[in-house]
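Visitor: I am new to reading structures. Could you walk me through one and explain the terms as we go?

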Amino acid sequence: MTSPLACTDRGSGPVVLLLHAFPCHRHMWREQVDPIASLGWRVLVPDLPGFGDSPEAVDEPSMTAMARGVLETLGETDRFVVGGLSMGGYLAMEILRQVPARVAALMLFDTKATADPEAARLGRLQVADRVEEAGRTGFLLPEMIPNLLGDTTRETRPDLVARVSKWIACARPGAVAWAQRAMADRPDSRPDLAAYGGPSLVACGDEDRITPRADAAEMAGLLRNSRLETISGSGHLSAVERPEDVTRVIADFIGPLRPVLG
Ligand code: MLT
């Protein structure tokens, strides 16, 4: 990573790092930032490479390189709580792999620990090529929106459908291609979850089609000290679709950790 990532930095206290989904940007977590900061935490939310205001990556695509960029953004921070949604969850698990002793607690939203089966991996590489050739991302909307947003949201929240559609259409082709190639090569994180003894929260929307509850249950089953939550009336982008519920679940989870982390 050559240039630092753009990062929202709000509040003071122990760090809660929130990692966004693909192909969104840090504003995906915007409803959670102030409420969590007001509970005595420093909330850091980076734009991942090439998304939002962050420069595109120069490294070969990998979750390892993505995690390195985020850890550089964290600087000297010793121990922190890390939470990620979908691609952000893959990244949180990569961070756990790289610096397990620094992960004070782990939060995984609408994600999964397994690597991609070969067909899915090849599909990602094809999307990366298509996006690069087209030089735009808007043509992904018809296939992405029904997967990212739940039925309830699509039927009742045209404002959210419009907001997320804009995120997808405005995502830079280079960032989309890089992230797809990075995700295509991510390893199986199940051994890392099984080795982690810290507190962990796993949550997913009950209308999530991309990473349904079975994926969440598998991760919660592997983690030794986990809590499993369901976000009702939400699809894959739970932090956007049910922001208050996600904030409450996070606040309930990290509340008891606050005195321990100082
Ligand atoms: C995401 O929401 O980040 C994506 O669905 C992740 C993926 O493509 O696996």
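Guide: We will talk about the ligand and the pocket around it. Keep in mind that this is a predicted model.

Visitor: What makes Tyr90 a polar contact of the ligand?

Guide: A polar side-chain atom of Tyr90 lies 2.6 Å from an oxygen atom of the ligand. The cut-off is 3.5 Å for a pair of N or O atoms, so the pair counts.

Visitor: Which atoms of Phe22 and His236 lie by an oxygen atom of the ligand?

Guide: For Phe22 it is a backbone N or O atom, at 2.7 Å. For His236 it is a polar side-chain atom, at 2.9 Å. Overall, the protein covers 92% of the 270 Å² of accessible area that the ligand has on its own.

Visitor: Which residues are around the ligand?

Guide: Among them are Ala21, Ser86, Met87, Arg124 and Leu148. By class, this shell has seven nonpolar, two polar and one charged residues.

Visitor: Why is Arg124 called charged?

Guide: Asp, Glu, Lys and Arg count as charged, so Arg124 falls in that class.

Visitor: Where does the ligand sit?

Guide: The ligand sits in the largest pocket. That pocket has a volume of about 470 Å³.

Visitor: What lines the largest pocket?

Guide: The lining has 20 residues. Phe22, Arg124, Met144, Gln180 and Ile210 lie nearest the centre. By class, there are 11 nonpolar, five polar and four charged residues. Helices H3 (87-98), H4 (118-134), H5 (141-148) and H8 (173-184) each supply at least two lining residues.

Notes. Residues are numbered from 1 along each chain as its sequence is written. This is a predicted model: local features need pLDDT of at least 70, side-chain atom pairs count only at pLDDT 80 or more; totals for chains, interfaces and linings use all residues. Side-chain values use heavy atoms; hydrogens and water are left out. A residue is near a molecule or strand if one of its heavy atoms lies within 4 Å of it. A polar contact is a pair of N or O atoms within 3.5 Å; within protein, one must be able to donate a hydrogen and the other to accept it, and residues adjacent in sequence count only if both atoms are side-chain atoms. Accessible areas come from the Shrake-Rupley method with a 1.4 Å probe; for residues, only the protein chains shown count as cover. On a 1 Å grid over the protein atoms alone, a cavity is a set of points where a 1.4 Å probe fits but cannot get out, and a pocket is an open set with protein on both sides within 12 Å along at least five of seven lines; lining residues have an atom within 4 Å of a point. A molecule sits in a cavity or pocket if more than half of its atoms lie within 2 Å of its grid points. Grid points are joined across faces, edges and corners, and a volume is the space filled by probe spheres set on the points. Helices (H or I, at least four residues) and strands (E, at least two) are DSSP runs, numbered from the N terminus.
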